[in-house]
Amino acid sequence: MRAVAAAFYKDLLLGWRGRAQGMAVAVFGATLLLLLSFAVGPNAQMLRQLGGGFLWVALLFSSTLALTESFRLERENRAIEGMLLLGVHPAAIFYGKALANWLQLFVLGLLLLPVMVVLYDPSLDGIGGVIGVLALGTAGLSAPGTLHAGLSSQTRAQQVLLPLLLFPLVVPVLIAAVRATSLLLLGDPMGQARSWALLLLAFDGVFWPLCGLLFGHVIEE
Amino acid sequence: MNETKAAIEARGLCKRYGRTWALVDVDLCIRPGEALVVAGRNGSGKSTLLRVLAGSLRPDRGEVRLLGTSLRRGRAALVGHASFTYDLLTGMENLRIAARLLGRPSGPEEIQPFLDRVGLGARGADRVQAYSAGMRKRLTLARALMQDAPVLLLDEPYGQLDPPGFGLIDRLVDELRAEGRAVVLASHQVERLSRICDRALLLDAGRAVWSGPASELPFAFQRLEEASIRAVAG
Amino acid sequence: MEIASAPPVSPRAVRGALVALGVGILLLTVGWYQGLFVAPPEHYMGEVQRIMYVHVPTAWHALLALSFAFLSALAFLWKNDWRWDARLEAAVEMGVLLSILCCVQGAIWGKPTWGVWWDWDPRLTAMAVMLVAFLGILALRHLVDDPRKRAVWSSVATVISYANVPIVYFSVRWWNSLHQVQSTPKTVDSAMVTPLRINAFGMLFVLIAFVTLRSQIARRRLAAELAPPPAASTALAAGGER
């Protein structure tokens with residue numbers, strides 16, 4: 001637990017020091033939102049319908065950049081090997097990093113949310129729920145994302161390998177988060193958003209323990 | 001068996017990278033308070049041996065025992081080619097994070113002595129990205145000292161250091177040995193190391209080709225060079 | 001833990017695989033003949049429905065191959081035995097191949113039946129997601145040269161991708177149910193069951209044969225990659241005289 005806290009603190013500090021990079025990722029996400037609306041055309045009604053989906057696609061694409069960066073810092077001077085050599089358990093490194101990545105992706109989502117609201121003009125009644133969905137959905141991106149970023153950071157062609165491995169894995173997150181977000185923004189007469197949120201919770205419940213268990217295999221040489 | 005347990009004991013270590021073998025059947029044994037120099041040319045397996053002894057690399061065959069128990073990471077401190085540091089953070093922050101991970105007190109006043117000991121006392125507040133290669137080496141050394149491990153593994157200890165740094169290494173090795181720790185140094189600077197170490201191991205193409213008192217290492221190294229020249233010539 | 005030695009190629013396994021291949025091809029020939037000429041055309045879909053005799057077994061066996069890949073991955077992580085790595089490689093490749101076939105057959109079926117090449121049917125969609133996931137694992141295997149890292153990493157990726165399959169299936173199913181009623185499989189006529197069964201067994205034999213042969217090929221490559229260290233040269237012997 002102590003080691004998890006220390007690793008989490010370390011990743012937060014690194015994230016804060018590298019905030020210029022983090023902001024660049026957020027700008028990239030906002031640019032994606034803008035570009036995605038060009039794919040539809042100036043149809044306000046349709047854009048409102050698709051806003052939730054675009055938000056998550058932009059978040060997913062930006063997340064690979066943030067995840068890659070977090071392991072670039074670890075590989076630069078083999079800092080992750082240094083942590084293992086201090087006797088730190090790989091799972092502690094994983095949970096520290098996955099928590100920090102979760103927070104980072106959540107903040108990224110919070111930054112992209114107003115951009116989405118401005119561009120697509122959804123109703124703001126369910127915005128509190130959307131923030132909750134952001135928290136659950138980014139948790140679902142963070143755990144498998146941290147595992148696969150750790151793995152692909154050690155390979156050639158890591159830029160393509162991370163999305164290739166991660167995107168199929170997070171299809172349930174994307175589906176559930178997009179449905180829940182859209183329902184909350186467009187009205188949810190049947191109260192279905194709750195069951196999608198439960199699906200996200202279930203996904204997190206499966207992958208947070210599983211990825212923590214497997215992370216040691218990925219980073220030990 | 002000797003009554004004092006071996007600080008580090010390795011039997012039949014083999015390690016491969018893909019199709020090439022970096023280590024083949026290497027044995028070694030060091031008692032607490034001893035210093036061993038591992039010599040050999042570039043690519044002879046010195047760094048791999050140290051990383052295996054640290055627990056960073058899993059040997060493909062063989063076993064490492066540390067004070068009579070099988071090796072766990074964290075019990076042998078490694079100062080290797082990589083500095084294990086985060087360039088975005090300051091020297092002090094890097095050490096504080098290591099202290100937190102180790103569960104040691106991590107206040108600035110507890111960390112400062114380690115920075116002073118390696119001659120970085122005045123530069124703790126600078127980011128590591130502004131450090132020279134020699135300063136990074138010193139920082140990694142401070143990190144290893146903080147680990148308070150019974151075994152220290154120093155890979156090319158003099159690499160990138162300035163002449164005062166050479167003296168620092170020699171002094172540290174003496175101090176560590178006086179504290180009853182075992183030190184393994186890998187280097188091709190055989191003359192200098194043969195004076196501060198007790199025993200020596202000569203590696204060639206991943207095999208231990210000679211071991212003996214450190215004072216005889218320069219001669220053994222010389223013979224290895226001559227033999228390989230003969231092999232190439234004939 | 002001894003992980004340095006590679007498993008030898010087993011001639012017995014190769015012979016067995018060739019026999020299984022022969023049996024499989026024989027069964028498939030009978031099954032296809034039955035499916036194409038003996039079984040009656042389906043009431044609603046007509047002749048197009050005959051693709052079911054290959055499509056359904058393909059889907060089953062794609063899932064079977066990937067399940068075997070999952071078991072091999074677990075076994076490798078647990079036992080560190082190279083034989084499981086060879087089996088994993090074979091099973092993932094066969095699973096990917098069968099998944100591609102399955103998606104193509106689904107599209108061929110879909111066009112005349114539903115009027116579109118692709119329908120977001122949960123089974124078809126989940127299969128496509130699984131296919132992409134395991135294609136990524138194949139890419140990973142090709143991008144890593146160190147045999148040990150390749151084996152461990154692809155095992156890890158296989159375990160989590162496979163654990164994800166049911167979650168993908170149910171999420172696609174719920175997602176899709178909002179748009180349309182899911183097509184339920186109709187009860188199948190017994191005249192249709194016979195060729196389906198024969199084909200399923202035929203394909204099972206072919207699958208076993210291919211996985212065995214492919215894993216023997218993988219063993220051969222591993223044997224080269226994991227060759228024992230070369231003998232010490234004379235130069236070293238001279239150095240070690242003392």
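How many residues does α7(B) have, and how far does α7(B) reach from its first C-alpha to its last? Let's work that out together, along with a few other exercises. This is a predicted model, in which local features need pLDDT of at least 70, side-chain atom pairs count only at pLDDT 80 or more, and totals for chains, interfaces and linings use all residues. Residues are numbered from 1 along each chain as its sequence is written, while chains are lettered from A and ligands numbered from 1 in the order in which they are written.

**Exercise 1. Describe helix α7(B) and its two sides.**

Step 1: Helices (H or I, at least four residues) and strands (E, at least two) are DSSP runs, numbered from the N terminus. α7(B) has 17 residues and reaches 24 Å, close to the 24 Å expected at 1.5 Å a residue; the expected span is 1.5 Å times one less than the number of residues.

Step 2: Look for buried residues, meaning 20 or more other C-beta atoms within 10 Å of the residue's own; exposed means 12 or fewer, and partly exposed is in between, with C-beta atoms placed from the backbone. In α7(B), the buried residues are Leu217(B), Ala220(B), Phe221(B), Leu224(B) and Ala227(B). They cover an arc of only 125° around the axis, so they sit on the same side of α7(B); the arc is that of the directions from the helix axis to the C-beta atoms.

Step 3: Turn to the other side of α7(B), where Gln222(B), Glu225(B), Ile229(B), Arg230(B) and Ala233(B) are exposed.

**Exercise 2. Work out the strand order of the six-stranded sheet in chain B and find what packs on it.**

Step 1: Two strands pair if DSSP finds at least two bridges between them. The open sheet runs β6-β7-β8-β3-β9-β10 in chain B, with mixed pairing.

Step 2: Find the edges. β6 (76-79) and β10 (207-213) of chain B each have a single partner strand, so one side of each is left without a neighbour in the sheet.

Step 3: Zoom in on one pair. β7 (residues 151-155) and β8 (residues 182-186) of chain B pair in the parallel sense over five bridges, and Leu154(B) stands opposite Leu185(B) in β8(B).

Step 4: Add the helix. α7 (residues 217-233) of chain B packs on the sheet and touches β3, β9 and β10 of chain B, its direction making about 10° with that of β9(B). Such angles run from 0 to 180 degrees between N-to-C directions, and axes are lines fitted to C-alpha atoms, for helices over the stretch in contact.

**Exercise 3. Is Gly68(B) buried or exposed, and is Lys137(B) buried or exposed?**

Step 1: Gly68(B) is found in the loop between β4 (61-66) and β5 (69-70) of chain B. Gly68(B) counts as exposed because it has 10 C-beta neighbours inside 10 Å.

Step 2: Lys137(B) lies in helix α4 (residues 133-146) of chain B. With 24 C-beta neighbours inside 10 Å, Lys137(B) counts as buried.

Step 3: Check the partners of Lys137(B). Leaving aside neighbours within four places in sequence, Lys137(B) is in contact (C-beta atoms, placed from the backbone, within 7 Å) with Gly159(B), Gln160(B) and Leu161(B).

**Exercise 4. Characterise the side of chain A that touches chain C.**

Step 1: Count residues: 23 of chain A are in contact with 23 of chain C.

Step 2: Locate the largest share, eight residues, which comes from α9(A).

Notes: Two residues are in contact if their C-beta atoms, placed from the backbone, lie within 7 Å.
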